[in-house]
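Let us walk through this model together, starting from one pair of side chains and moving outward to the spaces and surfaces around them.

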Amino acid sequence: MTQSSPWRIEARALVTLAIPMIAGNVAWSGIAATDLLLVGRLGAEAVAAGALAINLFNALLIFGLGLVTAAAPLIASERGRRRHSVRDVRRTVHQTLRAAAFFVLPAWLILWHCEAILRAMGQEPDLAREAGHLMRGMQWALLPFLCFTTLRNFISALERPLWGLIIMLLAIPFNVLVGWVLIFGHLGFPALGLLGAGIASTLSSTFLFLGLLTVILVDRRFRRYRLMGRFWTRDRERQRAVWTLGLPIAITLGLEVTVFNASAFLMGLIDRESLAAHAVAIQIASLVFMVPMGIGQAATVRVGVAHGRADPAAIGRAGWLALIVGTGFAMAAALMLVLIPRPLVSIFLDVHDPANLATANLAVSFLAVAALFQLVDAAQAVGAGVLRGIQDTKVPMIFALVGYWIIGIGVGALLAFPLGLRGVGIWFGLAAGLGTVAVLLIARWSLRDRLNLVSHDRK
């Protein structure tokens with residue numbers, strides 16, 4: 001290939017866009033890690049109550065994130081049609097923000113009754129009450145975080161994602177400072193405990209939103225879009241487009257998250273050691289997943305731009321390169337999991353403590369399956385991303401339902417219990433489910449022309 005090869009140009013564009021998005025995903029995990037670190041100083045009961053509240057909060061947050069993800073392919077496609085489009089890009093941002101607000105209103109109502117919901121689910125009353133205290137402060141973080149994510153999708157679709165990463169990195173020390181002040185009562189503030197942790201989360205999410213909004217309003221490259229202009233104008237057509245594209249993404253992400261919640265429940269039916277080992281192995285797998293997740297997000301934009309200008313050759317290059325890069329990284333990650341599983345487990349668990357020996361050995365065995373898991377997980381993450389770029393989200397949602405729940409949980413439960421593989425069986429089930437989704441998504445991507453998923457007419 002020559003220096004000016006379209007494949008080289010596309011590869012450079014993909015990597016340049018993906019790196020800040022990957023780093024931003026890791027930074028997001030860093031914010032969550034600092035929350036856990038601070039709450040952990042309150043004691044084991046606070047951690048348990050916090051886990052209950054955060055699981056409920058995240059279930060709604062992930063759904064909302066799927067909804068506002070629609071902004072990225074819509075804006076990218078518009079840029080492909082008209083490189084310097086302003087009005088239609090602004091319409092998409094406005095209507096995505098409004099869709100987030102519409103979603104948040106009933107979500108807030110649900111979260112307000114966190115304690116009652118957890119009690120109804122059979123959780124211990126004391127833990128449910130403490131979780132409710134945390135939620136009263138944290139639930140308000142939902143709207144500013146979704147608004148921040150919408151703005152991050154906006155700048156990413158313009159292929160300028162660096163400011164999103166910078167704001168997230170700045171939010172980590174801000175989150176630590178505010179949490180330290182409000183949880184433990186420093187600098188003249190009262191010690192609010194878990195309620196303080198929840199308020200700190202809301203303030204940190206507001207910091208993310210206002211920080212990125214300020215950049216967009218000041219930076220000349222973003223200022224020309226005048227995002228705050230005519231914000232309250234009704235636009236039913238674009239609102240419908242956001243929901244049509246975003247709702248299937250939201251359901252897909254919801255299915256994926258809940259299948260991992262279900263797998264943890266199944267582990268709990270085996271024994272405590274299996275559940276603890278599962279938590280460690282999932283944490284490691286989740287950190288590694290940040291890379292293919294970022295590549296998939298970048299692929300949505302690159303494919304979306306090519307889709308907007310109705311260039312099937314560019315669509316193919318962008319999609320296949322993303323899949324090659326994503327699965328290539330996954331192969332390297334899989335090799336790491338096979339070669340050094342115990343040092344990885346030791347990051348989260350004292351493997352030299354005899355009391356942790358059973359859990360550590362189980363976690364190592366789970367990571368052996370996770371090597372296969374990484375390959376298919378990366379393939380399905382990037383596969384979903386490239387299909388979102390051509391605004392194909394409804395059929396992938398069906399693939400997710402079949403793969404995650406029918407295959408994943410079905411095979412996992414069968415292997416774990418009747419066939420006696422226990423925790424390893426559940427992990428094989430997860431790998432089978434993700435593998436099914438990956439194969440279906442890549443097959444659909446390969447058949448995109450036959451299925452008339454892309455236009456061949458330049459606009």
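A good place to begin is Glu78, which pairs with Arg81 in a salt bridge whose closest N and O atoms are 2.9 Å apart; a salt bridge here is a side-chain nitrogen of Lys or Arg within 4 Å of a carboxyl oxygen of Asp or Glu. Before going further, please keep in mind that this is a predicted model, in which local features need pLDDT of at least 70, side-chain atom pairs count only at pLDDT 80 or more, and totals for chains, interfaces and linings use all residues. Residues are numbered from 1 along each chain as its sequence is written, and side-chain values use heavy atoms, with hydrogens and water left out.

Glu78 and Arg81 both belong to helix α3 (residues 71-81), and because they are three residues apart, about one helical turn separates them. Helices in this account are DSSP runs of H or I with at least four residues, strands are runs of E with at least two, and both are numbered from the N terminus. The two partners differ in exposure: Glu78 is buried at 5% relative accessibility, while Arg81 is partly exposed at 34%. For these words, buried means under 20% relative accessible area, exposed over 50%, and partly exposed in between, with a 1.4 Å probe and protein chains only. The pair also takes part in a network of salt bridges, which links Glu78, Arg81, Arg82, Asp88, Arg91, Asp235, Glu237 and Arg238.

How many salt bridges does the rule give? The count comes to 15. One of them joins the side chains of Glu10 and Arg302, at 2.8 Å from N to O. Glu10 sits in helix α1 (residues 6-40) and Arg302 in helix α12 (residues 272-308), so this contact ties together parts that are 292 residues apart in sequence. Both of these residues, Glu10 and Arg302, are buried, with Arg302 at 13% relative accessibility.

Arg302 also forms a salt bridge with Glu159, where the closest N and O atoms are 2.8 Å apart. This pair again links distant parts of the chain, 143 residues apart: Arg302 is in helix α12, and Glu159 is in the loop between α7 (142-157) and α8 (162-184). Glu159 is partly exposed, at 24% relative accessibility.

Glu159 brings us to the second largest pocket, whose lining consists of Arg79, Arg83, His84, Leu158, Glu159, Arg160, Arg221, Arg224 and Tyr225. Its volume is about 220 Å³. The method uses a 1 Å grid over the protein atoms alone: a pocket is an open set of points with protein on both sides within 12 Å along at least five of seven lines, a cavity is a set where a 1.4 Å probe fits but cannot get out, and lining residues have an atom within 4 Å of a point. Grid points are joined across faces, edges and corners, and a volume is the space filled by probe spheres set on the points. By class, the lining of this pocket has six charged, two nonpolar and one polar residue; Ala, Val, Leu, Ile, Met, Phe, Trp, Tyr, Cys and Pro count as nonpolar, Asp, Glu, Lys and Arg as charged, and the others, Gly among them, as polar. One of the lining residues, Arg79, lies in helix α3 and is buried, with a relative accessible area of 5%.

What about enclosed space? The structure holds one cavity of 30 Å³ or more, and the largest cavity contains about 30 Å³. Around the largest cavity are Val259, Phe260, Tyr404, Gly408, Leu430, Gly433 and Leu434. Helices α11 (236-270), α16 (394-416) and α17 each supply at least two of these lining residues, with α17 giving the largest share, three. The lining has five nonpolar, two polar and no charged residues.

Helix α17 (residues 422-446) also holds Phe428, which is partly exposed at a relative accessible area of 36%. Together with Met331, Leu372, Leu375 and Leu421, Phe428 makes a nonpolar surface patch of about 450 Å².

Finally, look at the backbone of Leu187 and Asn452. Leu187, in the loop between α8 and α9 (194-218), has a positive phi near 55° without being a glycine. Asn452, in the segment after α17, is likewise not a glycine and has a positive phi of about 55°. Leu187 is exposed at 64% relative accessibility, and Asn452 is exposed at 64%.

Technical notes
Patch = residues over 30% accessible without salt bridge, like charges linked within 9 Å, V, L, I, M, F, W, Y side chains within 5 Å. Areas by Shrake-Rupley, 256 points an atom, 1.4 Å probe, with all protein chains shown as cover.
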